[in-house]
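Dear colleague,

I am handing over the structure we spoke about, and below it you will find my notes on what was found in it. Please read them with the model open beside you.

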Amino acid sequence: MASSGETRRGRASSLLLAGVLALALVPGFAAPAAAASYTMTIAHLYPDDLTNNETAPALKHFEQLVESATGGDIDVQIFGNGALGGEVEAAQQTRAGKTIQSVMLGSGTQASFYRNYEMITSPFLFPDYRTAWTFFDSPWFAEFMKPMVQESGLRYLGTLDDGGGFVAFANNKRLITKVEDLKGLRIRVEENQAHMTIMRALGASPTPLPWGELQTGLATGLVDGHFHAPGVNDIFKFYDVTNFTTWSGHVYNTITWSVSEAWFSQLPDDYKKIIVTSAREAVAMAHGIAAQITVIGWVNSCKKFEQCHILSDEEKQRMRDISQPLYREWLVTEFGEKAALYDDLRAEVSRIHDELNRSAVELYLD
């Protein structure tokens, strides 16, 4: 037989349950959500604005996909504008996977965490956007990135086009219409030996400078210019500190998206699949957004810079003929026998380009 105390507790529990059920019927009432089992904090440098870059909206879509598929058991938190520190600092924290679980890195920083990535910064590697997108989303490139796990503790999720991919010069001295116009210009580069090699080959003076110091460096004359995709020039208003821009496309800048292997390896298998598949969709979305942003960025560049110019195909070929052999020599010096991987990489890019063109002709021409 229940004691009187137990009877009172039972009645109290029944009343409490009845009250909660009654509140659940009240419009606008939301029961407290269960705490997520996992938090996935993602760090990047772009603005949190969903309209002026590809990273923020792609990650927002990723957040919605992952949280919906896991019923909120993975809480995705996104921090842009370098709120969690610079790229190197954020990547180092991502390795441990405790305060940051995922990071987006520009090509220069990415190469410092996975050495083979320097091959991706090869001059004039891609002939067009379709080839670049297909290559970065290919099985070949996924295999190319797999050793990064052992080398850095970061697992590859995907490649975004940094502000639109193909870069444009911006400088204070003169309009660049031919390779001779680069002679002596102090061009800001990332801490990236590949970029330095390319600039030296083209006659410029490469000057390493952290991203956070670029605006000041241009304004004070520490550097004469830099190169980023037109979308980046527009987003960060580089027309305020430079006068001339030339869309050269000599490098395809990227953002590499990685996740901490230490954190990822502890997830249930079904959650791992959700993250990987959601990332693939987010990357595909980012390609389209980046293309739009780079077109808008270039149109705005021609309105806001003093002068703008698109490098001719003939001049691109001149620059390619000058820079690629010297870049290949540098790779052999730096990588030794591993430089053969670069030859395989270029062969795969050529194969993809030829296949895309062949397929287009077969499918869309009678």
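Which residues line the second largest cavity? Before answering, I should say that this is a predicted model, and everything that follows should be read with that in mind. The lining is made up of Arg188, Val189, Glu190, His195, Phe227, His228 and Asn253, and at least two of its residues come from strand 5 and at least two from strand 7, which spans residues 225-228. By class, that lining divides into two nonpolar, three polar and two charged residues, and the space inside the second largest cavity is about 30 Å³.

The structure holds two cavities of 30 Å³ or more, and the largest cavity encloses about 40 Å³. Its lining consists of Ala43, His44, Leu45, Gly82, Gly85, Gly86, Glu87, Ala90, Val103 and Met104, with helix 3 and strand 3 as the elements that contribute two or more residues to it. Sorted by class, the lining of the largest cavity has five nonpolar residues, four polar ones and one that is charged.

Turning to the open spaces, the largest pocket has a volume of about 520 Å³. It is lined by 26 residues, of which Leu45, Glu87, Thr109, Glu190 and Trp211 are the closest to its centre. Two or more lining residues are given by each of helix 3 (87-96), strand 3 (102-106), helix 4 (107-113) and strand 5 (186-189), and the lining as a whole comprises 12 nonpolar, nine polar and five charged residues. If you select Leu45 and Glu87, you will find them in the lining of the largest cavity and also among the residues closest to the centre of the largest pocket; Glu190, likewise listed there for the pocket, belongs to the lining of the second largest cavity.

Helix 5 deserves a separate look. Within this helix, which runs over residues 129-136, the buried residues are Thr131, Ala132, Phe135 and Phe136. Viewed down the helix axis, these buried residues fall within an arc of 120°, so they line one face of helix 5. In general, an α-helix has 3.6 residues a turn, so residues three or four places apart point the same way. The cover over the buried residues of helix 5 includes helix 6 (139-145), strand 4 (154-171), strand 8 (244-260) and helix 14 (340-364).

A single charged residue is also worth noting, namely glutamate 261, which is found in helix 11 (residues 261-264). Glutamate 261 has a relative accessibility of 18%, and because the limit for buried is under 20%, this residue counts as buried. Leaving aside residues up to four places away in sequence, glutamate 261 touches Val149, Gly153 and Arg155.

Finally, there is the matter of disulfides, where the count comes to one. The link joins cysteine 302 to cysteine 308, with an S to S distance of 2.1 Å, and it is right-handed, with 105° about the S-S bond. Is this pair buried or exposed? Neither word fits, because cysteine 302, at 35% relative accessibility, counts as partly exposed, and cysteine 308, at 27%, counts as partly exposed too.

With best wishes

Methods:
Residues are numbered from 1 along each chain as its sequence is written. This is a predicted model: local features need pLDDT of at least 70, side-chain atom pairs count only at pLDDT 80 or more; totals for chains, interfaces and linings use all residues. Side-chain values use heavy atoms; hydrogens and water are left out. A disulfide is a pair of cysteine sulfur atoms within 2.5 Å. Buried means under 20% relative accessible area, exposed over 50%, partly exposed in between (1.4 Å probe, protein chains only). On a 1 Å grid over the protein atoms alone, a cavity is a set of points where a 1.4 Å probe fits but cannot get out, and a pocket is an open set with protein on both sides within 12 Å along at least five of seven lines; lining residues have an atom within 4 Å of a point. Grid points are joined across faces, edges and corners, and a volume is the space filled by probe spheres set on the points. Helices (H or I, at least four residues) and strands (E, at least two) are DSSP runs, numbered from the N terminus. Ala, Val, Leu, Ile, Met, Phe, Trp, Tyr, Cys and Pro count as nonpolar, Asp, Glu, Lys and Arg as charged, and the others, Gly among them, as polar. The arc is that of the directions from the helix axis to the C-beta atoms. Contact means heavy atoms within 4.5 Å.
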